[in-house]
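Reader: I am new to this structure and should be grateful for a guided introduction. May I put some questions to you?

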Amino acid sequence: LLYRERAGASGASSSSCDDANAPREKPPLVFVQPEARRISFREFQALAREDAQKARPKPETHLSSEVEPRQIPYVSAQDDSFASEFSKRVGGDLGADAFSGLEWARDAFGSAPDAVNVWCGVSDAVTSFHRDHYENVYVVLRGSKTFTLLPPCDAWRMAPLEVPAARFEYDAVSDDEIRDDARGELSTECSSERTQKKRVCRVVVETPVTNVSWPSATPESLRRDGGPKPFVVTVNAGETLYLPAMWYHHVEQNERPLRERGFDAQEDDYDSDEYTIAVNFWHDMRFDDRFATARFLETVSERNCRREETDESPRRVF
């Protein structure tokens, strides 16, 4: 776990565990965002192919120096990526309607979508519980997606935590760069020998530390919290899911890695069956009684479910 001064705070960013703004003790939990890269789609395919051929380590060993660090690729830019990045390539084949939304959705919501996004990922690209202030029309093109859904009234089940924000970084660096100067031993960053360098993945916390609230619930925890069963919906290729605004959703991809299909991962053999492809249409929601009701339920949950916690444990928001 490294601390890095946020760019613009006092000059250029630098990596340091002795940052004056860093807390004296490392937090027990952080909310880690993925590393964001702008790459070509062919590079994404190469990463997906590489990941498909690797053995799956146990999650708790991901930051171990004995394990090859995995890079789990996921095309997930939420900035109208279908129109801004893919229109020149596929727009002629699909036509203008593909970028203006589905006709029934335009009629139902009274407007064209604010954004049309592309999602491509392998099975281990899992999205934790969250909610969006958009009416979401989700279309799966290849593979399938499994959504675990809860209505806004189940906010109390999300078990939100307030923890420092962080992000993953993957780099290829020399051995000396990942030595612990004080002990002369390898740090706990994940590493692997590659052309006389080591690939490392770091968890970087920008300072000054900024806390974020994130729902720590999982599909497994929902089975034990005493609440009703969530809605679990698998959307297959060619099917469409309407996801109402402000509904909590946890999303998994479903695909068959190459190593399970039993053929060599040659350039010409690699097919998009090995990762899920989907497009979603975000329509602006109306901030009407539904929004007011959801905010009311959150406030009630906060007052009824807040508990005493020690200084060592993350503070619950609800």
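Reader: How many of the residues of strand β4 are buried?

Author: Strand β4 covers residues 115-121; strands (E, at least two residues) and helices (H or I, at least four) are DSSP runs, numbered from the N terminus. Buried means under 20% relative accessible area, exposed over 50%, and partly exposed in between, with a 1.4 Å probe and protein chains only. A115, N117, W119 and G121 point one way and V116, V118 and C120 the other way, and all are buried. Strand β4 is thus mostly covered, and its buried residues number seven of seven.

Reader: On what kind of model do these values rest, and which pLDDT do local features need?

Author: This is a predicted model in which totals for chains, interfaces and linings use all residues, side-chain atom pairs count only at pLDDT 80 or more, and local features need pLDDT of at least 70. Residues are numbered from 1 along each chain as its sequence is written, and side-chain values use heavy atoms, with hydrogens and water left out.

Reader: Which residue of β15 stands opposite G121?

Author: Two strands pair if DSSP finds at least two bridges between them. Strand β3 (residues 74-75) pairs with β4 in the antiparallel sense over two bridges, and there Y74 stands opposite G121. Strand β15 (residues 276-284) also pairs with β4 in the antiparallel sense, over seven bridges. In β15, the residue opposite G121 is T276.

Reader: How many residues apart in sequence are the parts that the pair of F41 and Y275 ties together?

Author: Rings of Phe, Tyr and Trp (its six-membered ring) pair if their centres lie within 6.5 Å; planes under 30 degrees apart count as stacked, over 60 as edge-to-face and the rest as tilted. The whole structure holds twelve aromatic pairs, and the one formed by F41 and Y275 is edge-to-face, with 6.2 Å centre to centre and 70° between the planes. Because F41 lies in helix α1 (residues 41-52) and Y275 in the loop between α6 (258-261) and β15, the parts tied together are apart in sequence by 234 residues.

Reader: Is Y275 buried or exposed?

Author: Its partner F41 has 30% relative accessibility and counts as partly exposed. Y275 has a relative accessible area of 1%, so this residue is buried.

Reader: Why is the pair of F109 and Y242 described by the word it receives?

Author: The ring centres of F109 and Y242 are 5.7 Å apart and the planes stand at 45°, so the pair is tilted. F109 lies in helix α4 (residues 103-109) and Y242 in strand β13 (residues 240-243), so parts 133 residues apart in sequence are tied together. F109, at 18% relative accessibility, counts as buried, whereas Y242, at 36%, counts as partly exposed. The word, given the angle of 45°, is therefore tilted.

Reader: Which residues do ring pairs link into a cluster?

Author: W119 is one of the residues that point one way from β4, and Y74 stands opposite G121 in that strand. Ring pairs link these two with two further residues, and the cluster consists of Y74, W119, Y138 and F147.

Reader: What distance separates the end C-alpha atoms of α1?

Author: The expected span of a helix is 1.5 Å times one less than its number of residues. The buried residues of α1 include F44, L47 and A48. For the twelve residues of α1 the expected span is 16 Å, which agrees with the distance between the end C-alpha atoms, 16 Å.
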